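Q: Please take a close look at one helix and its surroundings in this model. I would like to know what it packs against and how its residues are placed.

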Amino acid sequence: MKNKIDKLGAHVSAAGGVSKAIARANSLPCRAFQLFTKNQNRWESKPLESPEIKNWFSELEAHDMDTSAVCAHDSYLINLASPDPVNLEKSINGFVEEIHRCATLKIPYLVWHPGSHLGQGEDVGLKAVAENMDRAIEISTDDSVKLCIETTAGQGTNLGWQFSHLRDIIGHSKYPDHLAVCVDTCHIFAAGYELGTKKQWNATMSDLDEKVGLDLVKVVHVNDSKKVLGSRVDRHDRIGQGEIGIEPFKHLVNDKRLKHAMMVLEVPGGMEAWEEDLKLLRSL
Ligand SMILES: [Zn+2]
Ligand SMILES: [Zn+2]
């Protein structure tokens, strides 16, 4: 019998190999988790080798888990809007590799940042993202992984801080069926979306529903924010300890329109803090 599963979890470390993340998640305890399938700050990576792939599936089985509530996060280096041809080529290849790793591990969701336009302007940047993502999809030939575009705080020239950006990327793509969305509570708050009262929460969710559709939200990053509303600065905080406060998280975990989505913490503090924050969220 599968353990009672809610879709609440955390981003856990994959130090020592991807299979190690499974026991870490289980010990929190949670059944939903996010991981990096390779070093997020480097271009190069060893390919996943068959013993590690075998360990991944045997660890899942040992913990009576499956991958239905597992997502991977892509490397921070990838910029599918890059105007530099060398960097763009690396980004496309890196993205293809990320898709491939997810497919190998049967991870259904890859969360990725839409990247930075670096002065080209938002409209040009959003078209470039869609076009280069489409190239990656064509090269990878895999259609088992949903590519979840993450909402960003809008630091510098980062794209994705307006819900309309996500709509435009999906609209420009030839492969909208491959796409989904990841909402990060810290990022949308820092980008200026109000979450505080029930009315504000509902208005923000209605806006998201209108622009992209709440059914497309497959992953939620559950983070408080150290920075104020509209700061456009991305600094995560523990749940209820930052500028967002506890109230919006109550709206989030009880919002029936998001029931299908997996939700993971990306907050500071390490395993003990995450265990506490998960307890807190489950009590709301
Ligand atoms: Zn996030
Ligand atoms: Zn962030």
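A: What follows deals with one helix pair, then with the core and with a few loop residues.

This is a predicted model, in which local features need pLDDT of at least 70 and side-chain atom pairs count only at pLDDT 80 or more, while totals for chains, interfaces and linings use all residues. Residues are numbered from 1 along each chain as its sequence is written, and chains are lettered from A and ligands numbered from 1 in the order in which they are written.

The helix is H5, residues 163-172. Helices (H or I, at least four residues) and strands (E, at least two) are DSSP runs, numbered from the N terminus. The axis of H5 comes within 8 Å of that of helix H4 (residues 122-140), and the two cross at roughly 45°. Axes here are lines fitted to C-alpha atoms, for helices over the stretch in contact, and angles run from 0 to 180 degrees between N-to-C directions. That angle makes H4 oblique to H5; under 35 degrees counts as roughly parallel, over 145 as roughly antiparallel, 65 to 115 as roughly perpendicular, and the rest as oblique.

On the H4 side the contact is made by Leu-126, Lys-127, Val-129 and Ala-130, and on the H5 side by His-165, Asp-168, Ile-169 and His-172. Two residues are in contact if their C-beta atoms, placed from the backbone, lie within 7 Å. An α-helix has 3.6 residues a turn, so residues three or four places apart point the same way.

Which residues of H5 are buried? They are Phe-163, His-165, Leu-166, Asp-168, Ile-169 and Ile-170. Buried means that 20 or more other C-beta atoms lie within 10 Å of a residue's own; 12 or fewer is exposed, and in between is partly exposed, with C-beta atoms placed from the backbone. The cover over these buried residues of H5 includes H4, strand S5 (146-150), strand S6 (179-184) and helix H7 (198-211).

The largest nonpolar core has 84 residues, of which Phe-33, Leu-110, Cys-148 and Val-181 touch the most other members. H4 gives the most to this core, with seven residues. Such a core is a set of buried Ala, Val, Leu, Ile, Met, Phe, Trp, Tyr and Cys residues joined through C-beta atoms within 7 Å.

Away from the helix pair, Lys-106 has a positive phi of about 55° although it is not a glycine. Lys-106 is in the loop between helix H3 (85-104) and strand S4 (109-112).
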